[in-house]
Amino acid sequence: MLVSLLGRRSVAISAALALSTTLPKSTSAFGTLSPTSSRLSSARPRLSFAAATSPTHRAMSSTPTTNAVISGRPTWHQSMIRIADPSKTLPFYTDVLGMTYIDRLEFPQWNFSIYFVTTLPEGEKYALTPGTKAAHDYLWNYDGVTIELTHNHGTEKADADFKGYHPGNAERDGFGHIAVNCDDVYASCEELEARGITFKKKPDEGRMKGLAFAYDPDGYWVEIVRRRAAGKIPNKYNFSQTMLRVKDPKKSVEFYKRLGMKVMSERHFPQAEFSLYFLASNVPDEDVPSDPTSAEAAAKVSTLFQPVLELTHNHGTENDADFKHYNGNEEGRQGFGHIGFLVDDVYKACDEIKEMGYGFKKEPDGGNMKGLAFAWDPDGYPVEIIKRGGMDYGQKDVEE
C-alpha cells in the first residue's frame with residue numbers, strides 16, 4: 001500500500017530511489033525480457049484509510065462476467081525481483097523477516113541464479129536442501145506464493161558501471177513494493193532498526209501513522225503492515241503483498257480473475273483519486289467476501305496468511321490513451337521482473353490466455369526453454385506461466 005507523501009502526482013516519491021543509471025542486460029528467471037515502453041508510471045497521494053469509501057464505485061467482484069477461469073487450476077506462485085548480492089539479500093528475507101529459503105536454480109551457462117523464499121506456517125520444518133530435485137519438486141507443487149530473487153552473476157562485485165537495481169516508485173513506475181504483516185508495527189520496526197535496517201518511512205512519520213516502509217538490501221520497499229487481529233497468525237511476519245499499479249482496473253482485475261484470483265477487498269479514496277484492489281489465489285468461494293468494499297473485507301485481508309496482489313489505480317489513467325507504466329524490465333529501470341502462475345498444462349492455458357488478446361513475450365515453444373511462457377497482462381507486466389510439477393529447465397542441480 002504505497003504512500004505518496006510528496007504531493008499529488010509526485011514526480012518522484014524519493015529522489016534517492018529514482019536510480020536512472022544504465023544497467024547490464026538482465027535475465028529473468030527463464031529468459032531475457034525486453035523493454036515494452038518508454039513511458040513511466042506515476043503515484044498519487046493517499047489519505048487516511050479511515051477516509052470514506054466512495055459509494056459511486058461498483059465492486060469489481062459483483063460485475064457480471066461470462067469469462068471463466070482458464071484451464072489447469074492456475075495459482076499465483078511467485079513475484080520476481082532482481083538482486084545484486086544474494087549473500088546480503090537472502091539473510092534479510094530469512095533471518096530478519098523469518099521466511100524460509102526453499103529452493104534455488106543455478107544456470108551457469110547463462111550466468112544467473114534464482115532463489116525462492118516464502119513464509120511457511122510457524123513450526124513447520126523444512127528439511128529439504130535448496131538446489132536438489134526434492135526441493136524442486138516441493139517448489140513446483142507449492143500452492144503458496146514465493147518471492148523469486150534473481151541474481152545476475154557479477155552484480156555482487158564492486159563495479160563502477162553497475163549502480164544497483166531500480167526499486168520502483170519513480171514517475172510512472174509500475175512496481176511499488178512487497179509487504180509483510182505483523183501484530184505490532186511499532187515494536188517490529190524498533191527491532192528492525194536495532195538490527196541495522198533502514199527506513200523510507202517509520203510508523204510515526206508522515207500523515208499515515210502506524211505503517212512503515214523498510215528498505216531491503218537492494219533498496220526495494222518492504223511495507224510493514226499491522227494485522228487487524230493480533231495473535232491469529234503465530235509467525236512474527238508473513239509475506240502479505242505484492243503491489244503493482246494498473247491503468248484500467250476493469251481490464252486488470254478481469255485478467256487476474258481469469259487466472260483464478262478472487263477479489264478479497266476493494267478500497268476507494270475519491271478525495272485522493274485512487275483505488276486499491278486486493279486479489280488472492282487458492283481461496284475457497286465461501287471465504288470470499290460478498291461485499292469487497294466492506295470494512296469486514298478489509299479486515300479479512302489483513303489476517304490472511306497468504307499474500308494478496310494489490311492493484312493500485314490512480315483515477316483517470318484509464319482515460320489517457322498514451323499512458324503506460326514502466327514494467328520493471330526496461331534498460332536503466334530494471335528491478336521488478338514478473339509475477340508467475342502454476343498451471344497443469346502450459347500449452348492449453350496459453351491457448352486460452354491468447355484469447356484475451358494481450359499477447360506474449362514468449363510462447364511455450366519460443367526461445368531455448370520449451371514448455372513455459374511469458375504472457376503480457378493488460379499493463380504490459382510479464383506473467384510467467386509455469387507447469388505445475390516442474391520440468392527440466394537446464395539448471396545445474398545439487399546432489400542429494
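## A buried arginine with positive phi

At 17% relative accessibility, Arg 172 counts as buried, because the cut-off for that class is under 20%. Arg 172 belongs to the loop between strand 6 and strand 7 (175–182). Its phi is positive, about 65°, although Arg 172 is not a glycine. For residues other than glycine, phi is mostly negative. The model described here is predicted.

Glu 273 is another non-glycine residue with a positive phi, of about 60°. Glu 273 is found in the loop between strand 12 (262–269) and strand 13 (274–280). With a relative accessibility of 24%, Glu 273 counts as partly exposed. Positive phi also occurs at Gly 98, near 75°, and this glycine follows helix 1.

## Overall composition

The chain contains 6 helices and 18 strands. Of its 400 residues, 58% are buried. The exposed area of the chain is about 15,900 Å², and carbon and sulfur atoms supply 50% of that area.

Among contacts with a separation of 6 or more, 78% are between residues 24 or more positions apart.

## Sheet with strands 7 to 14

One open sheet has 8 strands in the order 8-9-10-7-11-14-13-12, and its pairing is mixed. Strand 8 (199–201) and strand 12 are the edge strands; each has a single partner strand, so one side of each lacks a neighbour in the sheet. From one strand to the next, the twist averages 25°.

Strand 7 pairs with strand 10 (residues 221–226) in the parallel sense, over 5 bridges. Cys 182 stands opposite Arg 226 of strand 10. Helix 4 packs on this sheet and touches strand 11 (238–246), strand 12, strand 13 and strand 14 (308–314). The direction of helix 4 makes about 165° with that of strand 14.

## Sheet with strands 3 to 6 and 15 to 18

Another open sheet is formed by 8 strands in the order 4-5-6-3-15-18-17-16, again with mixed pairing. Its edges are strand 4 (100–107) and strand 16 (360–362); since each has a single partner strand, one side of each is left without a neighbour in the sheet. Neighbouring strands here are turned against each other by 25° on average, direction ignored.

Strand 5 (residues 112–118) and strand 6 (residues 146–152) pair in the antiparallel sense over 6 bridges. In this part of the sheet, Phe 112 has Asn 152 of strand 6 as its bridge partner. Helix 6 (residues 346–354) packs on the sheet, where it touches strand 15 (336–343), strand 16, strand 17 (373–376) and strand 18 (382–387). The directions of helix 6 and strand 18 make an angle of about 150°.

## Buried face of helix 1

Helix 1 spans residues 86–96, and its buried residues are Pro 86, Thr 89, Leu 90, Phe 92, Tyr 93, Thr 94 and Val 96. In an α-helix there are 3.6 residues a turn, so residues three or four places apart point the same way.

## Aromatic pairs

A search of the whole structure finds 17 aromatic pairs. One of them joins Tyr 126 and Tyr 138: the ring centres are 5.0 Å apart and the planes stand at 70°, so the pair is edge-to-face. Tyr 126 lies in the loop between strand 5 and helix 2 (133–140), while Tyr 138 lies in helix 2, so the pair ties together parts 12 residues apart in sequence. Tyr 126 counts as buried at 19% relative accessibility, whereas Tyr 138, at 24%, counts as partly exposed.

Phe 255 and Tyr 358 also form an edge-to-face pair, because their planes stand at 75°, with the ring centres 5.9 Å apart. Phe 255 is in helix 4 (residues 249–258) and Tyr 358 is in the loop between helix 6 and strand 16, so this pair ties together parts that are 103 residues apart in sequence. Phe 255 is buried, with a relative accessible area of 2%, whereas Tyr 358 counts as partly exposed at 29%.

## Ring cluster and charged contact

Phe 175, Tyr 220, Phe 336 and Tyr 381 are linked into a cluster by ring pairs. Elsewhere, the charged end of Lys 236 sits over the ring of Tyr 237, at 5.6 Å from the ring centre.

Technical notes
Residues are numbered from 1 along each chain as its sequence is written. This is a predicted model: local features need pLDDT of at least 70, side-chain atom pairs count only at pLDDT 80 or more; totals for chains, interfaces and linings use all residues. Side-chain values use heavy atoms; hydrogens and water are left out. Two strands pair if DSSP finds at least two bridges between them. Helices (H or I, at least four residues) and strands (E, at least two) are DSSP runs, numbered from the N terminus. Axes are lines fitted to C-alpha atoms, for helices over the stretch in contact, and angles run from 0 to 180 degrees between N-to-C directions. Contact means heavy atoms within 4.5 Å. Buried means under 20% relative accessible area, exposed over 50%, partly exposed in between (1.4 Å probe, protein chains only). Rings of Phe, Tyr and Trp (its six-membered ring) pair if their centres lie within 6.5 Å; planes under 30 degrees apart count as stacked, over 60 as edge-to-face and the rest as tilted. A charge sits over a ring if NZ of Lys or CZ of Arg is within 6 Å of the ring centre and within 35 degrees of the ring normal. Accessible areas come from the Shrake-Rupley method with a 1.4 Å probe; for residues, only the protein chains shown count as cover.
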